[in-house]
Amino acid sequence: MEFYKCETCGKEIVILKEGAPETMCCGKPMVKIKPRCLGEKGCEGHTIKMMKKMGRIYLCVGLDSEHPQSDRHYIEWIVVEHENGFTFRKFKVWEDARICLRSCDLCKPINVYVMCNTHGLYKTEMKI
Ligand SMILES: [Fe+2]
């Protein structure tokens, strides 16, 4: 799974299957967004906390305290990539950056992508 952004208009897209020529927007090739791996230095505030409850998995951004969700600094979206596809959740400013999934969809390791409007894209693999 890859993410691209148009540097002119800000559009972001997900590529589900690579191939064909470059993806264009505003007359230019879109730029690949390279995720930082959680666990690297400086990523602490974007670590994913996982909770399991009644057949559901809850993921939230921030380990000791939740990531800020203010108009200047907030989590824009989370994508969880799993064996059967992916789950996308977009957040509004002031909305908690949390996502709830059914654990039966997540029997294998999952990739979690988190987009912070200030710090960029983060990726982590998690085992359920
Ligand atoms: Fe951030």
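The domain assignment divides the protein chain into domain 1, covering residues 2-32, and domain 2, covering residues 36-126. The model described here is a predicted one. Between the C-alpha centres of domain 1 and domain 2 the distance is 22 Å.

A look at the whole chain sets the scene. The secondary structure consists of 13 strands and zero helices, so that the order of elements from the N terminus reads β-β-β-β-β-β-β-β-β-β-β-β-β. The radius of gyration is 15 Å, close to the 14 Å that the globule rule gives for 128 residues, and the protein chain is therefore as compact as a globular protein of that length. Along the principal axes, the C-alpha atoms occupy a box of roughly 50 × 35 × 25 Å. Of the 128 residues in the chain, 17% are buried. When contacts between residues at least 6 apart in sequence are considered, 49% of them link residues at least 24 apart.

Domain 1 is a good place to begin the tour. An open sheet of three strands has the order β2-β1-β5, with antiparallel pairing. Its edges are formed by β2 and by β5 (31-32), each of which pairs on one side only. The antiparallel strands β1 and β2 are joined by four bridges, and phenylalanine 3 faces valine 14 in β2. The loop between β1 (2-5) and β2 (12-15) holds cysteine 6. This cysteine counts as partly exposed because 18 C-beta neighbours lie inside 10 Å, where 20 or more would make a residue buried. Beyond its neighbours within four places in sequence, cysteine 6 is in contact with Lys11, Cys25, Cys26 and Met30. Methionine 24 is 18 residues from cysteine 6 along the chain, and their C-alpha atoms are 8.2 Å apart.

Attention now turns to domain 2. Here another open sheet of three strands follows the order β7-β8-β11, and its pairing is antiparallel. The edge positions belong to β7 (48-53) and β11 (98-102), each pairing on one side only. From one strand to the next, the twist averages 20 degrees. Five bridges connect β8 with β11 in the antiparallel sense; within this pairing, leucine 59 has isoleucine 99 of β11 as its bridge partner.

Towards the C-terminal end of the chain, β12 and β13 form a hairpin with three residues between them. The two strands pair in the antiparallel sense over seven bridges, with tyrosine 113 opposite lysine 123 in β13. Strand β13 (residues 120-126) also has two bridges to β6 (residues 36-37), and these two strands run parallel. In that pairing, arginine 36 stands opposite tyrosine 122 of β13.

The interior can be followed through the largest nonpolar core, which has 18 residues. Ile75, Ile78, Val80, Val112, Tyr113 and Val114 are the members with the most contacts inside this core. At least two core residues come from each of β8 (56-61), β9 (75-82) and β12 (110-116). Strand β12 makes the largest contribution, with six residues. In soluble globular proteins, nonpolar side chains tend to be buried together.

Two residues of the β12 region help to fill in the picture. Valine 112, one of the core residues with the most contacts, touches Ile48, Leu59, Ile78, Val80, Thr124 and Met126 when residues up to four places away in sequence are not counted. Isoleucine 110 also lies in strand β12. With 23 C-beta neighbours inside 10 Å, isoleucine 110 counts as buried. On the same basis of leaving out residues up to four places away, isoleucine 110 touches Val80, Glu81, His82, Met126 and Ile128. Threonine 47 is 63 residues from isoleucine 110 along the chain, and the C-alpha atoms of these two residues are separated by 15 Å.

Terms used
Residues numbered from 1 in each chain as written. Predicted model: local features only at pLDDT ≥ 70, side-chain atom pairs only at ≥ 80, totals over all residues. Core = buried A, V, L, I, M, F, W, Y, C linked by C-beta atoms within 7 Å. Buried ≥ 20, exposed ≤ 12 C-beta atoms within 10 Å, placed from the backbone. Contact = placed C-beta atoms within 7 Å. Domains from an automatic or database assignment. Pairing = 2+ DSSP bridges. Axes fitted to C-alpha atoms, helices over the stretch in contact; angles between N-to-C directions. Rg over C-alpha atoms; globule rule 2.2 N^0.38 Å.
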